[in-house]
Amino acid sequence: MTRHATSLPPDYFDARYAADPDPWNFAGSPYERDKYAATLAALPRERYASALEVGCSIGVLTAALAPRCDALTALDVAEAALAQARARCGDRPGLRLMRARVPGEWPEGRFDLILLSEVVYYLDAGDVARLAGRVRASLRPDGDVVLVHWTGETHYPLTGDEAADLFVRGTRDHLALDRQVRTADYRLDVLRARGG
């Protein structure tokens with residue numbers, strides 16, 4: 001499988017959603033269901049004042065995360081995915097869905113939780129470094145960052161391990177690794193702000 005050399009462009013995702021409204025089977029996959037449950041269980045706090053979910057796709061995890069947040073901003077690069085997320089999540093109080101291509105586009109505000117679930121490996125190493133800078137600048141001093149990545153073979157610019165390791169190294173002056181969970185299929189990293 002030939003891997004992409006640079007960050008995947010928006011039209012990659014547009015084409016995936018045009019071919020299949022749920023191209024990664026987020027709504028029906030046992031892998032996704034179990035991973036989402038593990039992600040929510042790994043959150044260090046029961047409730048967050050202001051959270052950011054990067055790469056929300058069709059909103060399956062967003063719908064489960066929103067009740068634990070006073071305010072949740074969820075981003076995706078694909079409008080077709082966001083339309084489904086809007087339908088799935090309805091008018092949940094405090095939820096804002098936005099189209100953005102990270103790291104170049106980033107929402108205003110400060111967050112006490114930033115969730116990067118199966119998204120960092122779509123970026124090349126330079127964009128991961130820029131993403132790490134965005135996260136450092138917008139994370140509150142007591143904030144948490146959670147990374148989740150599939151660890152199987154991909155055609156993305158980075159593997160799950162490469163993506164997570166680059167991000168962890170790029171934020172190590174500001175974030176400490178609190179814990180890491182590994183399964184046969186994915187890794188989950190919980191990072192906490194060193195000032196917290």
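In this predicted model, the largest cavity encloses about 380 Å³ of space. Its lining is made up of 30 residues, of which Gly55, Asp76, Glu118, Val119 and Tyr122 are the closest to the centre. Two or more residues each are given to this lining by α1, α2, β1 (48-54), α3 (60-65) and β2. By class, the lining of the largest cavity comprises 20 nonpolar, 4 polar and 6 charged residues. The count of cavities of 30 Å³ or more comes to 1.

The largest pocket, for its part, has a volume of about 170 Å³. It is lined by 13 residues, and those closest to its centre are Trp24, Glu118, Tyr121, Trp150 and Tyr156. The lining of the pocket divides into 7 nonpolar, 3 polar and 3 charged residues. Glu118 is thus named among the residues closest to the centre of the largest cavity and among those closest to the centre of the largest pocket.

Aromatic contacts were examined next. The model contains 10 aromatic pairs, one of which joins Phe13 and Trp24 in a tilted arrangement, with 6.4 Å from centre to centre and 40° between the planes. Because Phe13 belongs to helix α1 (residues 10-19) whereas Trp24 sits in the loop between α1 and α2 (30-42), this pair ties together parts of the chain that are 11 residues apart in sequence. Both Phe13 and Trp24 are buried.

Tyr122 and Tyr156 form a further pair, with ring centres 4.6 Å apart; their planes stand at 75°, over the 60 degrees required, and the pair is therefore edge-to-face. This contact links distant parts of the chain, since Tyr122 is found in the loop between β4 (111-117) and α5 (125-138) and Tyr156 in the loop between β5 (139-150) and α6 (160-171), 34 residues apart. With a relative accessibility of 10%, Tyr122 counts as buried, and Tyr156, with a relative accessible area of 7%, is likewise buried. The residues of both pairs belong to one aromatic cluster, which consists of Tyr12, Phe13, Tyr17, Trp24, Phe26, Tyr121, Tyr122 and Tyr156.

Turning to the strands, β2 (residues 69-76) pairs with β3 (residues 95-99) in the parallel sense over 5 bridges. Within this pairing, Thr73 stands opposite Arg96 in β3. The connection from β2 to β3 passes through helix α4 (residues 79-89), and the resulting β-α-β crossover is right-handed. Strand β2 also contributes two or more residues to the lining of the largest cavity.

Definitions and conventions. Residues are numbered from 1 along each chain as its sequence is written. This is a predicted model: local features need pLDDT of at least 70, side-chain atom pairs count only at pLDDT 80 or more; totals for chains, interfaces and linings use all residues. Side-chain values use heavy atoms; hydrogens and water are left out. Two strands pair if DSSP finds at least two bridges between them. Helices (H or I, at least four residues) and strands (E, at least two) are DSSP runs, numbered from the N terminus. A crossover is right-handed if, with the strands pointing away from the viewer, the path from the first strand over the helix to the second runs clockwise. On a 1 Å grid over the protein atoms alone, a cavity is a set of points where a 1.4 Å probe fits but cannot get out, and a pocket is an open set with protein on both sides within 12 Å along at least five of seven lines; lining residues have an atom within 4 Å of a point. Grid points are joined across faces, edges and corners, and a volume is the space filled by probe spheres set on the points. Ala, Val, Leu, Ile, Met, Phe, Trp, Tyr, Cys and Pro count as nonpolar, Asp, Glu, Lys and Arg as charged, and the others, Gly among them, as polar. Rings of Phe, Tyr and Trp (its six-membered ring) pair if their centres lie within 6.5 Å; planes under 30 degrees apart count as stacked, over 60 as edge-to-face and the rest as tilted. Buried means under 20% relative accessible area, exposed over 50%, partly exposed in between (1.4 Å probe, protein chains only).
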